[in-house]
Amino acid sequence: MAASSLGFPKRARLLTRRDFDRVFARAKRSSDEGLVLLARPNGCDGARLGLAIARKHVRHAVERNRIKRLVRESFRHHRSQLGPLDVVVLARRGLAEWDNARVTAALARHWKRLHESCEASSCC
């Protein structure tokens, strides 16, 4: 895969409240004990990511930032497989105690689930 396709440009991000609200309104859901991913077809040319890692669930900024870095990195590597989806990632209480490998593995499972559910409903 070309290095340029692994970037995280502005067009690959959910930036406005309207973007987030659209996903929250009617989304496919993939969740486990630490993460919740909400996804909805976007009609654009590729997947876009939004992060909602609440301080209520992940108290320390250093932990929130670590989780956000891991999510962005995982998204960059799986973006081409997702198709035209808007995805919002939310944290659940206890996620801060997970190590990097566990977070990365969980995200890989979620990306796969979202891709499969999108294909099954022929939204992509």
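Visitor: Is Thr16 buried, partly exposed or exposed, and what is its relative accessibility?
Guide: This is a predicted model, and in it Thr16 sits in the segment before α1. Buried would need a relative accessible area under 20% and exposed would need one over 50%. Thr16 counts as partly exposed, at a relative accessibility of 40%.

Visitor: How far apart in space are Thr16 and Gly50, C-alpha to C-alpha?
Guide: In sequence, 34 residues separate Thr16 from Gly50. In space, the C-alpha atoms of Thr16 and Gly50 are separated by 9.5 Å.

Visitor: Which residue in β4 stands opposite Gly50?
Guide: Strand β3 covers residues 48-52 and strand β4 covers residues 85-91. These two strands pair in the parallel sense, over five bridges. Opposite Gly50, in β4, stands Val88.

Visitor: Is the crossover from β3 to β4 left-handed or right-handed?
Guide: Between β3 and β4 the chain passes through helix α2, residues 61-82. That makes a β-α-β crossover, and its hand is left-handed.

Visitor: Where is the kink in α2 centred?
Guide: Helix α2 has a kink of about 45°. Its buried residues include Ile67, Leu70, Val71, Phe75 and Leu82. Just after α2, Gly83 takes a positive phi of about 80°. The kink itself is centred on Arg76.

Visitor: In what order do the elements of the chain run from the N terminus?
Guide: The chain has three helices and four strands. From the N terminus on, the order is α-β-β-β-α-β-α.

Visitor: Which residue in β2 is the bridge partner of Ser30?
Guide: Strands β1 and β2 run antiparallel and are joined by four bridges. A hairpin of three residues leads from β1 to β2. The partner of Ser30 in β2 is Leu37.

Visitor: Which residue in β4 stands opposite Ala39?
Guide: Strands β2 and β4 run antiparallel, with seven bridges between them. Six of the seven residues of β2 are buried, so β2 is largely enclosed by the rest of the structure. Opposite Ala39, in β4, stands Val87.

Visitor: How many salt bridges does a search of the whole structure find?
Guide: One of them joins Arg17 and Asp21. Another joins Arg48 and Asp19. The search of the whole structure gives a total of eight.

Visitor: Why are Arg17 and Asp21 separated by about one helical turn, and how far apart are their closest N and O atoms?
Guide: Arg17 and Asp21 both belong to helix α1, residues 17-25, and because they are four residues apart there, about one helical turn separates them. Arg17 is exposed at 68% relative accessibility, whereas Asp21 is partly exposed at 38%. In their salt bridge, the closest N and O atoms are separated by 3.5 Å.

Visitor: Which parts does the pair of Arg48 and Asp19 tie together?
Guide: The closest N and O atoms of the Arg48 and Asp19 salt bridge are 3.8 Å apart. Arg48 is buried at 16% relative accessibility, and Asp19 is buried at 18%. Salt bridges that share partners join Asp19, Arg22, Arg48 and Asp86 into one network. Since the pair ties together parts that are 29 residues apart in sequence, the parts asked for are strand β3, with Arg48, and helix α1, with Asp19.

Visitor: How far apart in sequence are Glu33 and Arg102?
Guide: Glu33 and Arg102 form a salt bridge, with their closest N and O atoms 3.0 Å apart. Glu33 is in the loop between β1 and β2, while Arg102 is in helix α3. Arg102 counts as partly exposed, at 39% relative accessibility. Along the chain, Glu33 and Arg102 are 69 residues apart.

Visitor: What is the distance between the C-alpha atoms of Gly94 and Leu35?
Guide: Gly94 lies in the loop between β4 and α3. Gly94 is partly exposed, with a relative accessible area of 24%. Gly94 and Leu35 are 59 residues apart along the chain, and their C-alpha atoms are separated by 9.6 Å.

Visitor: What is the radius of gyration of the chain?
Guide: The C-alpha trace spans about 35 × 35 × 25 Å along its principal axes. Of the 124 residues, 41% count as buried. For 124 residues, a compact globule would have a radius of gyration near 14 Å, and the chain agrees with this, at 14 Å.

Terms used
Residues numbered from 1 in each chain as written. Predicted model: local features only at pLDDT ≥ 70, side-chain atom pairs only at ≥ 80, totals over all residues. Heavy atoms only, no water. Pairing = 2+ DSSP bridges. Right-handed = clockwise from strand over helix to strand, strands pointing away. Salt bridge = Lys/Arg side-chain N within 4 Å of Asp/Glu carboxyl O. Buried < 20%, exposed > 50% of the residue type's maximum accessible area, 1.4 Å probe, protein only. Bend = angle between axes of the 7 residues up to and from the residue. Rg over C-alpha atoms; globule rule 2.2 N^0.38 Å.
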